[in-house]
Amino acid sequence: MKPDPIVERTVQTPFGELAVERPARVADPSTMVIFGATGDLAKRKLLPALYNLNGDRLLPERFAVVGVGREPMTTDAYREKVSRDLQEFGTAGTERVQCEWLESRLAYLTGDFGDDGLYRRLGDVLSALHESGDSTCDCLFYLATPPALFGPIVEHLGAAGLLAEDGGWRRVIIEKPFGHDLDSARALNRRLVGLLKEHQIYRIDHYLGKETVQNIMAFRFANGIFEPIWNRRYVDHVQITVAETVGVEQRGDYYDRTGAMRDMVQNHLFQLLALTAMEPPISFEADAVRDERVKVLRAIRPFLPGGLDAQVVRSQYAAGEVEGTPVPAYRQEPDVARGSTTETYVALKLLVDNWRWADVPFYLRTGKRLPQRLTEVVLQFKRAPFQLFRDTPVGCLPANQLVLCIQPNEGIALHFEAKVPGPRVRLGTVRMDFSYADYFGMRPTTGYETLLYDAMIGDSTLFHRADIVEAGWTVVEPILQAWEGSRAGLPAYAAGSWGPEAADALMARDEREWHLPAATS
């Protein structure tokens with residue numbers, strides 16, 4: 001096989017010009033079929049991501065998009081809608097030529113996702129695109145639909161013969177949530193693998209498309225100074241925070257049946273945990289990386305009956321003020337049950353029982369209506385001995401911290417101690433910051449560009465395998481079952497705060513405290 005060509009581009013940084021080599025492989029010629037093409041996900045993320053990929057010259061000339069939706073619409077009307085949506089939701093403005101390139105490759109089908117006739121018409125459209133030379137037999141199906149439709153749509157595609165890889169590849173992307181609990185996740189996986197091979201299934205988690213998430217592996221395994229101290233000998237504990245300022249917005253009915261544990265912990269936070277704690281893979285081949293990720297989840301120490309209160313905190317936001325604006329309590333949000341016991345905040349302490357991380361606690365927290373939108377991973381290192389500073393004014397030595405900020409400002413910060421200038425021995429904490437935007441001049445993205453591109457070239461490294469999904473559900477299943485049988489009241493936290501007092505107590509019992517982000521510290 002001929003290797004991908006390598007092009008060199010030059011990036012202007014504060015330290016001068018930096019030559020960066022990257023593969024210039026264009027995605028495979030293909031057709032992308034989007035089920036739910038008129039929904040929020042398609043207009044806010046998927047189509048702007050395709051626009052950005054074309055701007056980076058990563059889409060092939062033989063490329064088409066077929067939108068499938070329930071809303072009656074002609075192809076011309078759909079193209080006009082996409083043009084308006086790109087103007088509104090494009091991440092960095094739009095250029096007319098690029099818009100026209102994408103719009104000219106759009107087609108639209110109206111129909112009911114449960115109607116066999118829709119899939120026959122879809123097959124005719126795909127055949128016509130292939131015969132005209134506008135696309136190939138290779139096809140990527142994106143299910144931007146409610147989870148209840150994942151199984152039925154795949155079954156209809158299979159019955160219509162649209163999943164057979166006779167003349168080219170066929171791949172299916174499904175969004176989270178992957179099931180509602182362990183049993184439903186297993187049932188969905190069985191349903192999918194009854195019609196597809198595992199290599200055809202791409203379970204997407206948009207968090208894994210963020211640059212800093214991908215950079216966790218590069219940062220660890222490409223730098224000889226960090227990997228040797230990335231273990232129990234030097235790390236005191238790890239914190240993973242995913243904080244949101246928003247409430248449930250227009251998803252009250254869905255969220256009230258889901259909650260923070262299912263919506264965030266079982267997928268997003270666990271994947272950040274897996275990437276942070278995984279062993280070095282033997283290569284960056286997809287299955288080699290995913291093998292190591294699933295090992296971390298399988299190594300999480302099971303929760304013991306009756307021990308949840310010491311390791312897990314759940315809460316629900318009350319009325320308060322976020323970013324200077326008064327906001328209602330969760331139970332006052334639209335489509336939320338007035339007596340709801342659904343958690344909007346979760347904090348938990350996990351232990352990973354393997355050689356690298358034995359006895360190192362991982363503290364995870366996520367919540368809505370918190371004071372900042374923030375996703376970060378914090379490694380706190382063990383404190384240095386005090387003996388050297390015994391006869392100086394230095395009363396205590398703060399721990400060094402390495403902070404991986406995923407959003408909103410992607411970057412890495414290292415906190416360490418330095419002597420304050422002057423005749424006395426005084427120490428001050430120094431924050432050494434690396435910002436992607438400042439250094440590499442990154443432009444805004446949707447977070448889906450890398451994932452769509454990888455799916456088009458057949459790289460499943462950043463996607464979930466069936467065993468990863470089920471391993472995550474296995475960890476949280478005892479918690480969900482305990483909550484369902486509990487009669488204990490659900491504590492509240494004020495909107496705009498960093499969560500309930502019980503979450504602080506979770507850390508305080510171990511003589512630790514949550515890391516305060518820079519904006520509030």
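**Exercise 1. A histidine in a helix**

Is H130 buried, partly exposed or exposed?

Solution. The model is predicted, and every value below is computed from it. Start with the location: H130 belongs to helix 4, which covers residues 116-132. Next take the relative accessible area, which is 36% for H130. Partly exposed is the class between 20% and 50%. H130 is therefore partly exposed. As a last step, compare sequence and space: H130 and F113 are separated by 17 residues in sequence, and their C-alpha atoms are 23 Å apart.

**Exercise 2. The chain as a whole**

Decide which radius of gyration a compact globule of 521 residues would have, and set the value of the protein chain against it.

Solution. For 521 residues, a compact globule would have a radius of gyration near 24 Å. The protein chain has 25 Å, which agrees. The box filled by its C-alpha atoms, taken along the principal axes, is roughly 85 × 60 × 45 Å.

Then describe what the chain is built from. The secondary structure comes to 14 helices and 19 strands. Of the 521 residues, 52% count as buried. For contacts between residues at least 6 apart in sequence, 76% join residues at least 24 apart.

Finish with the surface and the charges. The accessible surface is about 23900 Å², and carbon and sulfur atoms account for 51% of it. The chain carries 58 positive and 70 negative charges, and the mean positions of the two sets lie 4 Å apart.

**Exercise 3. Helix 12 and its cover**

Find which residues of helix 12 are buried and what covers them.

Solution. First delimit the element: helix 12 runs over residues 449-457. Second, count the buried positions; eight of its nine residues are buried, and the helix is mostly covered. Third, list them: E449, L451, L452, Y453, D454, A455, M456 and I457.

Fourth, look for the cover. Strand 3 (30-35), strand 4 (63-69), strand 6 (139-143), strand 7 (170-174) and strand 8 (201-203) are included in it, as is helix 1 (40-55). Last, go to the residue after the helix: G458 follows helix 12 and has a positive phi, near 80°.

**Exercise 4. Two residues in one loop**

E333 and D335 both sit in the loop between strand 12 and strand 13. Determine which of the terms buried and exposed applies to E333 and which to D335.

Solution. The loop lies between strand 12 (325-327) and strand 13 (345-351). E333 has 6% relative accessibility and so counts as buried. D335 has 57% and so counts as exposed.

Now examine the surroundings of E333. Beyond its neighbours within four places in sequence, E333 is in contact with G247, V248, Y317, P328, R338 and R369. One of these contacts is polar: the side chains of E333 and R369 meet at 3.5 Å.

For D335, turn to the backbone. Its phi is near 70°, a positive value in a residue other than glycine.

**Exercise 5. Backbone exceptions**

Locate two cis peptide bonds and a further non-glycine residue with positive phi.

Solution. Begin with the background: most peptide bonds are trans, and most residues other than glycine have a negative phi. The bond from K176 to P177 is cis, with omega near 5°. P177 lies in the loop between strand 7 and helix 6 (182-193). The bond from Q407 to P408 is also cis, with omega near 5°. P408 is in the loop between strand 16 (401-407) and strand 17 (411-419).

The further residue is E511, with a positive phi of about 60°. E511 is placed in the segment after helix 14 (501-508), and its relative accessibility of 76% makes it exposed.

**Exercise 6. A lysine and its contacts**

Work out which residues K382 is in contact with, leaving aside its neighbours within four places in sequence.

Solution. Place K382 in the loop between strand 15 (374-381) and strand 16. At 43% relative accessibility, K382 counts as partly exposed. The contacts asked for are R232, R233, Y234, V235 and D236. With R232 there is a specific atom to name: the side chain of K382 reaches its backbone oxygen at 3.0 Å. G161 serves as a distant reference point, 221 residues from K382 in sequence and 58 Å away in space, C-alpha to C-alpha.

How values were computed
Residues are numbered from 1 along each chain as its sequence is written. Side-chain values use heavy atoms; hydrogens and water are left out. Helices (H or I, at least four residues) and strands (E, at least two) are DSSP runs, numbered from the N terminus. The radius of gyration is taken over C-alpha atoms; the globule rule is 2.2 Å times the number of residues to the power 0.38. Buried means under 20% relative accessible area, exposed over 50%, partly exposed in between (1.4 Å probe, protein chains only). Contact means heavy atoms within 4.5 Å. Accessible areas come from the Shrake-Rupley method with a 1.4 Å probe; for residues, only the protein chains shown count as cover. Lys and Arg count as positive and Asp and Glu as negative; His and the chain ends are not counted. The place of a charge is taken as NZ of Lys, CZ of Arg, CG of Asp or CD of Glu. A polar contact is a pair of N or O atoms within 3.5 Å; within protein, one must be able to donate a hydrogen and the other to accept it, and residues adjacent in sequence count only if both atoms are side-chain atoms.
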